[in-house]
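Work through the exercises below with the coordinates open. Try each task before reading its solution.

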Amino acid sequence: MNAEEPAGSAAPADDAAHLLVVDDDRRIRALLSRFLTDQGYRITTAGTAAEAMACLKSLTFDLIVLDVMMPGENGFDFATRLRQDASDLGHVPILMLTARTETDDRVRGFETGVDDYLGKPYEPRELALRIASILRRAQPKTAPGPVTQVRFSDFCFDLDRGELRQRDEVVRLTDREREMLRLLAEHAGETVPREALAGSGAAGNERTVDVQVNRLRRKIERDPANPLHLQTARGAGYRLLVDR
């Protein structure tokens, strides 16, 4: 096991989130370590479940990026063992990053209690978005502070409460619409990949994203066929344009 800080990368802040990357492929560990360090995270790597457990017992981590196919204990069994641990180890968020992308494998992964499941090969920006989303959800609740909101035309979306208003009227959103709008609002003006908008659940399906976006457009656009705010980034995803 080792902490990795790639040469040429700026050292992450001392209070940056600490990620444990577990993969038996040394090249993949190095690539992930370099990329995630560039994203501002502190990184420690392990090549087996046994090494990962030794790391977890000696250091504190904010998230585990876990492969499935490893010598010895595989990722599914390791995640199951962690979730059954009565100590704080059982609560460390897990992102499963693996070439095992069949539906049965995804379902099995979520059944072990992982927080998200991403197949290889993956788009680095999507990996960064999913990690940021998991870390944000894992943050302890603090005393109420300034409400984070985005505004577009006569709509206002409250990211903390997940509430969309048109002037003084609350606009009803489904859970999936709320999740998608929050992700788009958090990255306002940027393209959010369709894979990320598909959601992390086993039922997440990229093919349903277009349908869900069209439903959301009917609630926030004056002319859904010619959207001003929820725009398509052809071949890439969608982006939300908000008022500055």
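The exercises go from the whole chain to single helices, sheets and residues of this predicted model.

**Exercise 1. Take stock of the fold.**
Task: Find how many helices and strands the protein has, and what share of its residues counts as buried.

Solution.
- Step 1. Count the elements: there are eight helices and 13 strands.
- Step 2. Turn to burial. Of the 244 residues, 46% count as buried.
- Step 3. Look at the contacts between residues at least 6 apart in sequence. Of these, 56% join residues at least 24 apart.

**Exercise 2. Find the covered side of helix α3.**
Task: List the buried residues of α3 and explain why they lie on the same side.

Solution.
- Step 1. Helix α3 spans residues 75–83, and its buried residues are Gly-75, Phe-76, Phe-78, Ala-79 and Leu-82.
- Step 2. Their directions cover an arc of only 165° around the axis, so they sit on the same side of α3.
- Step 3. Recall the helix geometry. An α-helix has 3.6 residues a turn, so residues three or four places apart point the same way.
- Step 4. Identify the cover. It includes the helices α2 (49–58) and α4 (103–112). The strands β4 (63–66), β5 (94–98) and β6 (116–119) also contribute.
- Step 5. Check the N-terminal end of α3. Asn-74 caps it, with a side-chain oxygen 3.0 Å from the backbone nitrogen of Phe-76.

**Exercise 3. Pair β2 with β3.**
Task: Determine whether β2 and β3 run parallel or antiparallel, and how many residues of β3 are buried.

Solution.
- Step 1. Strand β2 (residues 18–22) is joined to β3 by five bridges, and the two run parallel.
- Step 2. Pick one bridge: Val-21 has Thr-45 of β3 as its partner.
- Step 3. Strand β3 covers residues 42–46, and four of its five residues are buried.

**Exercise 4. Order the four-stranded sheet.**
Task: Give the strand order of the open sheet that holds β7 to β10, and name its edges.

Solution.
- Step 1. The order is β7-β8-β9-β10, with antiparallel pairing.
- Step 2. The edges are β7 (149–152) and β10 (169–171), each of which pairs on one side only.
- Step 3. Neighbouring strands here are turned by 30° against each other on average, direction ignored.
- Step 4. Zoom in on β8 (residues 155–158) and β9 (residues 163–166): they share four bridges in the antiparallel sense. Phe-155 stands opposite Gln-166 in β9.
- Step 5. Add helix α6 (residues 175–186). It lies across β7, β8 and β9, at about 95° to β8.

**Exercise 5. Follow α6 to another sheet.**
Task: Work out the order of the three-stranded open sheet and which of its strands α6 touches.

Solution.
- Step 1. The order is β11-β13-β12, and the pairing is antiparallel.
- Step 2. The edges are β11 (192–193) and β12 (230–233), each pairing on one side only.
- Step 3. Helix α6 packs on this sheet, touching β11, β12 and β13. Its direction makes about 70° with that of β13.
- Step 4. Strand β12 pairs with β13 (residues 237–240) over four antiparallel bridges. Leu-230 has Leu-240 in β13 as its bridge partner.

**Exercise 6. Check the cysteines.**
Task: State how many disulfides the structure holds, and classify Cys-55 and Cys-156 as buried or exposed.

Solution.
- Step 1. The structure holds zero disulfides.
- Step 2. Apply the cut-off: buried means under 20% relative accessible area.
- Step 3. Cys-55 has 0% relative accessibility, so Cys-55 is buried.
- Step 4. Cys-156 has a relative accessible area of 12%, so Cys-156 is buried.

How values were computed
Residues numbered from 1 in each chain as written. Predicted model: local features only at pLDDT ≥ 70, side-chain atom pairs only at ≥ 80, totals over all residues. Heavy atoms only, no water. Buried < 20%, exposed > 50% of the residue type's maximum accessible area, 1.4 Å probe, protein only. Arc of directions from axis to C-beta. Contact = heavy atoms within 4.5 Å. Polar contact = N/O pair within 3.5 Å; in protein donor to acceptor, adjacent residues only side chain to side chain. Disulfide = S-S within 2.5 Å. Pairing = 2+ DSSP bridges. Axes fitted to C-alpha atoms, helices over the stretch in contact; angles between N-to-C directions.
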